[in-house]
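Colleague: I'd like to learn to read strands and helices from a model. Could we work through one together?

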Amino acid sequence: MSGNIELLNTTLGAAKAADRAALIAYLPAGFPTVDGGIEAVKAVVAGGADVVEVGLPHSDPVLDGPVIQTADDIALRGGVRIADVMRTVREAYKATGVPILVMTYWNPIDRYGVERFTAELAEAGGAGCILPDLPVQESALWREHADKHGLATVFVVAPSSQDARLATITAAGSGFVYAASLMGVTGTRASVGAQAQDLVGRTRATTDLPVCVGLGVSNAAQAAEVAGFADGVIVGSAFVKAMLDAPDEAAGLAAVRSLAGELAEGVRKR
């Protein structure tokens with residue numbers, strides 16, 4: 001079975017044709033439980049998310065800040081496994097029909113097996129992977145299997161990336177480019193910063209792929225600001241924090257759906 005890279009391309013293209021940015025939501029699998037995580041994905045899509053990233057919880061995340069680390073810890077202590085991540089993708093895609101990607105560090109895939117992981121993700125209806133710590137020069141095996149199974153390979157670029165490096169990264173990627181708005185880890189911030197706009201401009205000079213910005217966006221005003229210069233707005237920590245702060249799962253699901261609605265309105269107001 002082929003993965004859903006074409007659905008991802010079509011979805012991002014449709015947002016562009018509507019003269020708006022796409023809203024991309026991130027939620028970890030297994031948080032607060034596997035079933036609860038699946039319901040959370042459904043909730044953000046019901047609120048207006050165009051694309052969802054399902055995080056594969058990791059014990060030593062290098063990009064994720066304290067909020068997502070807390071959620072990952074809850075998921076790992078709950079016994080989440082790669083099979084649960086695949087189930088999350090499968091059930092979330094079946095229920096929503098939107099592109100579902102997995103965001104993961106390389107070590108779990110390497111241990112699981114690249115062919116096995118890509119085949120299972122495609123079978124689950126996944127659209128691809130975001131791989132923040134896989135160097136492009138070491139990605140040939142992954143890209144071979146991802147291409148074979150119809151999966152996008154999304155690399156992360158940062159404000160520190162030089163132009164020549166940006167060109168190398170974007171030439172190897174597919175789906176979209178994940179532009180980290182600032183140096184540091186994920187988390188909500190008072191300001192997204194001018195670095196992000198500069199990075200988007202420099203990245204666009206190297207590729208026709210959509211450039212989507214993450215790290216720091218937490219409210220409709222910030223979403224509107226980023227949507228003014230990016231093809232997609234990626235929000236993670238704000239959704240996870242809404243779940244963590246809720247008194248129970250039902251309240252958490254209501255909170256993430258409401259936040260998705262506000263953010264979706266924001267990306268349409270750029």
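Colleague: Which residue in β7 is the bridge partner of Val156?

Modeller: First, the ground rules. This is a predicted model, where local features need pLDDT of at least 70, side-chain atom pairs count only at pLDDT 80 or more, and totals for chains, interfaces and linings use all residues. Residues are numbered from 1 along each chain as its sequence is written, and side-chain values use heavy atoms, without hydrogens and water. Now the general idea: strands of a sheet pair through backbone hydrogen bonds, either parallel or antiparallel. Here, Val156 has Tyr178 in β7 as its bridge partner. β6 and β7 (residues 177-180) pair in the parallel sense over 2 bridges; pairing takes at least two DSSP bridges. Strands are DSSP E runs of at least two residues, helices H or I runs of at least four, numbered from the N terminus.

Colleague: What is the order of the 9 strands in the open sheet?

Modeller: The order is β5-β4-β3-β2-β1-β9-β8-β7-β6, with parallel pairing. β5 (152-154) and β6 (156-157) are the edge strands, each pairing on one side only.

Colleague: Which residues of α4 are buried?

Modeller: In general, an α-helix has 3.6 residues a turn, so residues three or four places apart point the same way. In α4, the buried residues (under 20% relative accessible area, 1.4 Å probe, protein chains only) are Ile82, Val85, Met86, Thr88, Val89 and Ala92. They line one face of α4 because they fall within an arc of 155° seen down its axis, taken from the axis-to-C-beta directions. The face turned away carries Ala83 and Lys94, both exposed (over 50%).
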